Each structure stands twice: as structure tokens, then as C-alpha cells.
Amino acid sequence: MSYDLVTEFEARGLVHQSTDAAALREWLATPSRRVYAGFDPTADSLHVGHLVALVLLRRVARAGHEPVALVGGATGMIGDPSGRSDERNLLSPAELEANIAGVGRQIRAVLASAGDRVHVVNNADWMRGVGYLEFLRDVGKHFPLSQMLAKDSVKSRLERDGGISYTEFSYMLLQAWDFVHLSDALDCRVQIGGSDQWGNITAGIELGRRLRSRDLHGITCPLLTKSDGTKMGKTASGAIWLDPKRTSPYRFYQYWINLDDADAGRCLLRLTEVPLGEITDLDTRRAANPAARDTQKRLAEELTRLVHGEAGLASARQATEIFFGAEIASLDDAALSEIFADVPSHEFPRASLDGEGLPLVEALKATGLAQTASAARRTIEQGGGYVNNRRVTDPAHRLTVGDLVGSSTLVLRSGKKSYAIARFV
RNA sequence: GGGGAGUUUCCCGAGCGGUCAAAGGGGUCAGACUGUAAAUCUGAUGGCAUUGCCUUCGCAGGUUCGAAUCCUGCACUCCCCA
């Protein structure tokens, strides 16, 4: 069943700027229209910052259209200056290759459950054969320098010390050509992206008009930022990635659980497909009883399922239960390594447990939970040292065979949330 | 080229011969409170060690019983006048 995509976007606060809304609506009134968004393969995994665009494409599919995800194999070689304050480091072809593969897989995985007509394309496929002179004549000719210089992405960089290289300056030509090419090849006439993409999108629309006399459309959505002004998905320990090898489902889940009240509602609206009525309901409940954190739970659940599937969600939940509750003693080695998958672990010789045993201070230091033995001692004295979730207050405490959970493992913790695994082999 | 100011422990910043591992603030870590939040409060914050020991105050020397503190040289930073 299709519904009006534009109305849906507006209701969810996803429209920052758009070309003529009436024309857009009209074009989208026919089912199976193709709508594209681009992803730069700057890493081998997408991160939380890409979720808006990804979910946008899901909504396209849900609305009965066909999402086109462009992975920028060609543009990735150049680097998009939009939203950047300095020049990018160029990626090697091998890195790029790996990134394209990784990002493409993730996009397919997330879009798969929204519809089966999903297109993932790589602009290197059509850019590769294009000669430089040919490109300058056919595409470059249609770009007045005055307009290019007026784009925010270029202007802000020109005013800075580092300036902008010719390479990055040319980026918008490539993206503009992508749009025209996709309109030729797939009859794709709508491009969506973050608000920083407006300049690139309009460049493509302009080129479509000049080259093909064709009406192309564009929508940008507001960049999702947190109420404290920082970027969504950035934490002290780095970005939150979609790849479970980089960010485990547990940490992904926890990121959303820990979100401020002020941000949670907005994320639910923009990043999930939870019906509007339910979101309003959650808003009310949150105002009445913020401590329940229903919104965060729902959000974490939806997104973890979307990115990591039911199995990922289940393991994140199980880990959460253990991390914040309870008894570890009853678990076996396999369950432990499953739950504490992304917790740093350290191996000790089995013999260190014999006799007097291994000083806890040593273990905390070796696992990285404490920088130095002094710091470890301090943590314990202040009540922040735990073995298998049980507080230990004696700084001279030694670990022995009796402390093992399962047959060879033991769980150390410093403070509320820092865990480490000690294996004795 | 001339004149002046500075370089302190993760950061900012006091200290100007012994009581200095070095005030204060920030950050960080831990605890309490709480909603696995925010704010707040408490404690800790060079290293090693069960009283104590060792290494730090730009670098290298020197004076002294004793220096982050005084002297000499070197390096770097900043300001003012040309």
C-alpha cells in the first residue's frame, strides 16, 4: 500500500528544503518511482549519522517506490567538501574497494526488509570510462563559475586558511552528473540527502534542466543533532557504527537507551517507522514519567532490530540484563564470551591463580581497567572494584580458582559500566 | 637589531631557598543521589610500596646542609620599540 511520501516526510520533520512540493507530489503519485540518496564510502561501515538517509530510503520503499542507493566509488575518490572544514585525505583504491563492498552490504541489509526492488549502484561504473576532455565539454561547460563559487560548501572553505583544492571543488560536477545519469538509466528523478547536500543536489537539478530539459527534484532533511549541539552518534570513545564488529549490538543498543529525553522523541520520529500516533503517546508518557524511559527503550529496540536483526536485539538485551543486574556466577564460558563480546579481555596464565592467587590490583591493571596499580588500588578503596559483579573493598584482595565463573573466566568491573574479561589459560 | 615577559604535574594557573608531590580551577576516575539521564554533593587524581621509598616544576651545569624557587649558558614562546 502506498502513501504520500511527501506528507510523511513533512509529518516527521524530515524536510529541511525541497524543490517545488506540488511537482514532487505529482511525480510521486505514480507508484514505483525511483528515488535516490548517495553514500560516500569513507569507511568500510556506515555509522549512526547515515541512519537518517538509510531510513529515508526505507520510507521510499514503504511508500511503494523503489529506493536507489548510490555508493560513491567515483566520488569517494575525490571527497565531498560539503560540511567539511578541511581537505580530505584521499583513500587508496584498495581501501575504497573494501569500503564500497562493506557499505553496499549494509545498505542492502537494512533496505531488504522494506521491499524487494532495491537498487544499489556505484557511480564508478559509469564514471570510469568518461574521459577528462569529454567530461569538461559535456558537463563542465554547463557550470557557471559564479554559481559554483556561491555554494556554501565552497564559499566557507574559500574563507578558511586551508582553502579548497581543485579536486574537491570539482566534486559537485560529479554528483550532478550522477543525478542526470540516474535519470537517464533508471528514470530516477528525485534525490534526497542531508541538508549539507542541498548545493550538490541543486547542481544536479540544474544540469538536468540544461542537458536534458528534464525536471528533477530534491529534498534535504535537517541534520540530526543532539540538544547539546554535538553530532548524533559521536561518543567519547568514538562513532557508533552499524557494523557489529566495530560497535557491538549491545553498545549500539545502549547508545539509544542513554539518549537524553530531549533527543529521544525526535529520533523516534525521524529514525524509525513507529506510527505517529504511538510517538505522540510516548511523548505524553515521557512527560508524565520520564524515569520509565519508554521512549528510549522503544527507540533502542527499533533501531537495534533494524540494524542487527532479531538475534542482535536479543543479545543486546541479554547483555544489558547482565551488565546492569545481576548474578554472573551461573553463566558458562560460552555465554560469557557471547555477552561480553565487545568487552576487552586479557589472558593470564592459569598458574597465577594457584597458592595465594593473583592480586586484584594486578588484574585490573593488566586488563586496562586501571592505568596503574595505584589507580587500581584507589578504585578499590573507593568502592569501585568488582569481581563478577560483587564489590570488593579490600585493596589487597587476591583472585583464586574459587573466583572463576565457568571454567576459566572471570569478570572484572570498575565503577558502574567499565567491564573487562580475564581468561585463565 | 634594541627592550621586556615567560616556559610548573592531563589542561589552565599559583608558588619565588626549607613546612612542595607542589594552592585553586577545569578535566578525568570513584562514591552518594537518580532514570543506565542531567544537575548536585563527597572523595581521589606522579610512580612503586601494608609506616616508607623513588622520579617530577623547558634543557644543561653551578651556588647551598638544602632549589620549582638563586646564578650561568642553551632552546623555545609571547609582547613592545625600530
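**Exercise 1. Lysine 417 and the phosphates of RNA strand B**

Determine how far an N or O atom in the side chain of lysine 417 lies from a phosphate oxygen of RNA strand B, and decide whether the pair is a polar contact.

*Solution.* In this predicted model, the distance for lysine 417 is 3.4 Å. A polar contact requires N or O atoms within 3.5 Å, so the pair qualifies. Two further residues also place polar side-chain atoms beside a phosphate oxygen of the strand: serine 374 at 2.3 Å and arginine 378 at 3.2 Å. The elements that contribute two or more residues to the surface near RNA strand B are helix H12 (249-257), helix H15 (294-324) and helix H18 (373-381).

**Exercise 2. The surface around the RNA**

Describe the residues around RNA strand B and state which parts of the strand the protein approaches.

*Solution.* Begin with the residues: there are 24 around the strand, and Gln254, Asn258, Asp261, Ser374 and Arg378 come nearest. Next, sort the residues of this surface by character: 6 are nonpolar, 11 polar and 7 charged. Finally, turn to the RNA side. Among strand B atoms within 4 Å of the protein, sugar or phosphate accounts for 62%, and bases supply the rest.

**Exercise 3. The surroundings of histidine 119**

Locate histidine 119 in the secondary structure and identify the partner of its side chain in a polar contact.

*Solution.* Histidine 119 belongs to strand S4 (residues 119-122). Its side chain forms a polar contact of 2.7 Å with the side chain of glutamate 66. Leaving aside residues up to four places away in sequence, histidine 119 touches Arg34, Glu66, Pro67, Val68, Ala69 and Leu186. Glu66 therefore appears both in this list of contacts and as the polar partner.

Methods: Residues numbered from 1 in each chain as written. Chains lettered and ligands numbered in written order. Predicted model: local features only at pLDDT ≥ 70, side-chain atom pairs only at ≥ 80, totals over all residues. Heavy atoms only, no water. Near = heavy atom within 4 Å. Polar contact = N/O pair within 3.5 Å; in protein donor to acceptor, adjacent residues only side chain to side chain. Helix = DSSP H or I, 4+ residues; strand = E, 2+ residues; numbered from the N terminus. Nonpolar A, V, L, I, M, F, W, Y, C, P; charged D, E, K, R; others polar. Contact = heavy atoms within 4.5 Å.
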